[in-house]
Amino acid sequence: MLAADKASTGLGITPIELRDGYAVLRMAVTENMLNGHGIAHGGYVFLLADTAFACACNRAGSVTVAATAEIDFIKPVHSGDELVAEAVERTRFGRSGIYDITVRRGTEVVAEFRGRSRTLRS
């Protein structure tokens, strides 16, 4: 799925580890990702977390999408920062699931994301 994701791969998002219910992805922040305050636009941080969420909740043979998602921005992100998003499945019930994604710069947490998934019927 990630290989076919033109938005994520076009931004240079790359996988570190992928398995059912878990994903770790990396993204380098570039000058083109900065907002008018000179810090990374929150949409790019959200996109990285959302991509990790998608990788964690999509299993072979299923199509799973976001039902809802929210993010808390903890610290500003700057050009040149390398961000790592770690997505962890918290629970699955029926066709739904809850996932927590932590975005870090090194060991420093810069954002926390929670996504709720829904697997589509075949």
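This passage walks through the strands, charged pairs and aromatic contacts of a predicted model.

Strand β2 is a good place to start. It runs over residues 22-28, and five of its seven residues are buried, so the strand is largely enclosed by the rest of the structure. One neighbour of β2 is strand β1, residues 14-19, which pairs with it in the antiparallel sense over five bridges. Within that pairing, L18 stands opposite A23 of β2. The hairpin made by β1 and β2 has two residues between the strands, and G21 there takes a positive phi near 80 degrees. Strand β2 also pairs with strand β4, residues 82-93, again in the antiparallel sense and over seven bridges. Here Y22 has V88 of β4 as its bridge partner. Y22 turns up once more in a side-chain contact: the charged end of R19 sits over the Tyr ring, 4.1 Å from the ring centre.

Past β2 comes the loop that leads to helix α2, and T30 is found in that loop. With a relative accessible area of 35%, T30 is partly exposed, since that value falls between the 20% and 50% cut-offs. The C-alpha atom of T30 is 6.0 Å from that of G80, although the two residues are 50 apart along the chain.

As for annotation, the unreviewed UniProt entry places "domain: Thioesterase" on residues 37-110. In the model, this span is 22% helix and 47% strand, and its end C-alpha atoms lie 17 Å apart.

Helix α2 covers residues 42-57 and includes T51. T51 has a relative accessibility of 6%, so this residue counts as buried. Leaving aside residues up to four places away in sequence, T51 touches L2, D5, S8, I13 and L25.

The same helix also takes part in the aromatic contacts, and the model has three aromatic pairs. One of these joins F53 and Y99, with the ring centres 5.5 Å apart and 55 degrees between the planes, which makes the pair tilted. The pair links distant parts of the chain, as F53 lies in helix α2 and Y99 in strand β5, 46 residues apart. Neither ring is left in the open: F53 is buried with a relative accessible area of 1%, and Y99 is buried with 0%. Both belong to one aromatic cluster, made up of F46, F53, Y99 and F113.

Turning to charged pairs, the model contains eight salt bridges. One is formed by E86 and R104, whose closest N and O atoms are 3.3 Å apart. This pair links distant parts of the chain, with E86 in strand β4 and R104 in strand β5 (residues 96-105), 18 residues apart. Both partners are partly exposed: E86 has 23% relative accessibility, and R104 has a relative accessible area of 28%.

A second salt bridge joins D100 to R114, with the closest N and O atoms 2.6 Å apart. Here too the pair links distant parts of the chain, D100 being in strand β5 and R114 in strand β6 (residues 108-119), 14 residues apart. The burial of the two partners is mixed. D100, at 17% relative accessibility, falls under the 20% cut-off and therefore counts as buried, whereas R114 counts as partly exposed at 30%.

R105 and E108 make another salt bridge, their closest N and O atoms being 2.8 Å apart. R105 is buried, with a relative accessible area of 17%, while E108 is partly exposed at 29%. This bridge is part of a wider arrangement, in which salt bridges that share partners join K75, D81, R105 and E108 into one network.

Terms used: Residues are numbered from 1 along each chain as its sequence is written. This is a predicted model: local features need pLDDT of at least 70, side-chain atom pairs count only at pLDDT 80 or more; totals for chains, interfaces and linings use all residues. Side-chain values use heavy atoms; hydrogens and water are left out. Buried means under 20% relative accessible area, exposed over 50%, partly exposed in between (1.4 Å probe, protein chains only). Helices (H or I, at least four residues) and strands (E, at least two) are DSSP runs, numbered from the N terminus. Two strands pair if DSSP finds at least two bridges between them. UniProt positions are given in the numbering used here, feature names are shortened, and annotations may be inferred rather than shown by experiment. A salt bridge is a side-chain nitrogen of Lys or Arg within 4 Å of a carboxyl oxygen of Asp or Glu. Contact means heavy atoms within 4.5 Å. Rings of Phe, Tyr and Trp (its six-membered ring) pair if their centres lie within 6.5 Å; planes under 30 degrees apart count as stacked, over 60 as edge-to-face and the rest as tilted. A charge sits over a ring if NZ of Lys or CZ of Arg is within 6 Å of the ring centre and within 35 degrees of the ring normal.
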